[in-house]
Amino acid sequence: LPFVVIVGRPNVGKSTLFNRLLRQNKAMVHDRPGVTRDSLYGRVQGRTRDYTLVDTGGLVLEQGAQLEEEIYEQVREAMHSADLILFMVDGSAGVTALDEQLAAMLRQSRRPVRLVVNKVDGEERAALVEGDFYSLGFDMNMVSAAHGYNMPVLQEAIESSLPAHEEPEDQAAHLRLSLLGRPNVGKSSLVNTLLGQERVLVSSRAGTTRDCVDVILEKGDKRYVFIDTAGVRRKTTISDDLERFSALRAIRSCQRSDVALLVLDALSGMVAQDKKLLSFLEREKIPLVIVVNKVDQIPRKDLGKLKRYFQDELAFCAHAPVIYTSCITRAGLGGLIPLAEKVLGQSRVRVGTGELNRLVRDAVQAHQPPLVKGRRAKIYYLTQPGTSPPEFVFFVNDPGLIKPAYARYLEKQIRKSLGLDVTPVKLFFRGSH
Ligand code: GDP
């Protein structure tokens, strides 16, 4: 799918725009997320085209002095990977110094950029503020993301700015894998070792809007695709060594893959960047396998200790299966793809309403929802509107009565009765009468 990225300084309304574009023609299944927080990216079903939309505002983690540098970083990333950049400014505030600086960066971009002037509530305001923003030098739309003014025009403009020819995805692919992790943990070595002597096809997507090189492995009648290995194989430079966690890059790979392989280094253990990446994957509920590589560097007698260490560090993402590998001794490598296939299988599970409702009845019978201020949640029924990963919606009398501990209990019951031990799952609670 084309990749559309919203950038801009804080408080211009990026997340409001994101929510409006994402929700406008989508039934509101998600009244209130349960254990799942809102996502930072999603698929927009447009009138003529679908695309992936990312809100970089939610990716900015730093505050204060670090903030500006982080915004520049997001813009640089967007210039590298987006098919269309929506550069958002605040129509009620005029052009600020930071806007000017971002505009100067974006004018260097070879990607299409569209200026979105927000907080403009109607024709009159639009006529007044329009002149202020011409100097930035982009095609622009004046909108109110909060009240909807001009949103259909913007939507139309976005769809018509997307590249005309979309690269078709490999339909024959049995499993698409993306490789994530810090530089030098062994991502390219893993791809190379797994490919080994097998027949390898390289599908070069260079020359299209994004330079992606997918590597295809054919085994029997199965076809595995390693997504965007150009990024993975790129020779490490000093700046890459200093490279920080990039959620945008992770999103870009994960939106095209079925399962992500998060590669960690047995010798260095989990560092801050690994933790950020894993919290991001957990938050976005991306199906994944954790690969602890370079175990040949650990003395045999310390392997038990190593596994206990990673078990503790990874406890907050307990569903992700862990495999210990070495590209040198080939330890663990045989199990890697079967494990990813197991995650894939579970992430695509579809369960009928009958089975789901038996499950709810049993779960509530064994352990009913606790009283909250004298009231008790009543669960009417459970449905599964989506997969990859499985998404479950509980229809209840009042979503406010489901506390996190009970949501976790329900998730545990779902996992147990449906045999979902290695896939993420999403739970939502919706009010109904
Ligand atoms: P990438 O940046 O994540 O793609 O990492 P590379 O695949 O380029 O590997 C970085 C370095 O680690 C190279 O010198 C590899 O030879 C080495 N390496 C990769 N896998 C292993 C492993 O399993 N054991 C050991 N000892 N070294 C490894």
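**Exercise 1. Find out how E1 and E4 run relative to each other, parallel or antiparallel, and how many bridges join them.**

Solution. Start with the bridges: there are four of them between E1 and E4. Now look at the directions, and you'll see that E1 and E4 run parallel. For a landmark, pick Phe3, which stands opposite Thr52 in E4. Keep in mind as you go that this is a predicted model.

**Exercise 2. Work out how E3 and E4 pair, and what sits between them.**

Solution. Step one: E4 covers residues 50–55, and its pairing with E3 is antiparallel, over five bridges. Step two: check a couple of partners. Val44 has Tyr51 of E4 as its bridge partner, and Gln45 stands opposite Asp50, again in E4. Step three: follow the chain from E3 to E4. Four residues lie between the two strands, and together E3 and E4 make a hairpin.

**Exercise 3. Put the six strands of the open sheet in order and name the edge strands.**

Solution. Walk across the sheet and you get E3-E4-E1-E5-E6-E7, with mixed pairing. Next, look for strands that pair on one side only: these are E3 (41–45) and E7 (139–142), the edges. Finally, check the twist, which averages 25° from one strand to the next.

**Exercise 4. Which strands does helix H3 lie across, and at what angle does it run to E5?**

Solution. Find H3 at residues 97–107 first. Underneath your finger, so to speak, are three names to tick off: E1 (3–7), E5 (84–90) and E6 (113–118). Then compare directions: H3 runs at about 165° to E5.

**Exercise 5. Split the protein chain into domains, then describe the contact between domain 2 and domain 3.**

Solution. The domain assignment gives domain 1 (3–161), domain 2 (175–347) and domain 3 (353–431). For the contact, count what each partner brings: nine residues come from domain 2 and ten from domain 3. Now sort the domain 2 side that touches domain 3, and you find four nonpolar, three polar and two charged residues.

**Exercise 6. How many residues surround the ligand, and which helix gives the most to that shell?**

Solution. Count the shell first: 17 residues surround the ligand. The closest are Gly186, Lys187, Ser188, Ser189 and Cys327. Then ask about helices: H6, residues 187–195, gives the most, with three residues. Last, sort the shell by type, which yields five nonpolar, nine polar and three charged residues.

Definitions and conventions:
Residues numbered from 1 in each chain as written. Predicted model: local features only at pLDDT ≥ 70, side-chain atom pairs only at ≥ 80, totals over all residues. Domains from an automatic or database assignment. Contact = placed C-beta atoms within 7 Å. Nonpolar A, V, L, I, M, F, W, Y, C, P; charged D, E, K, R; others polar. Near = placed C-beta within 6 Å. Pairing = 2+ DSSP bridges. Axes fitted to C-alpha atoms, helices over the stretch in contact; angles between N-to-C directions.
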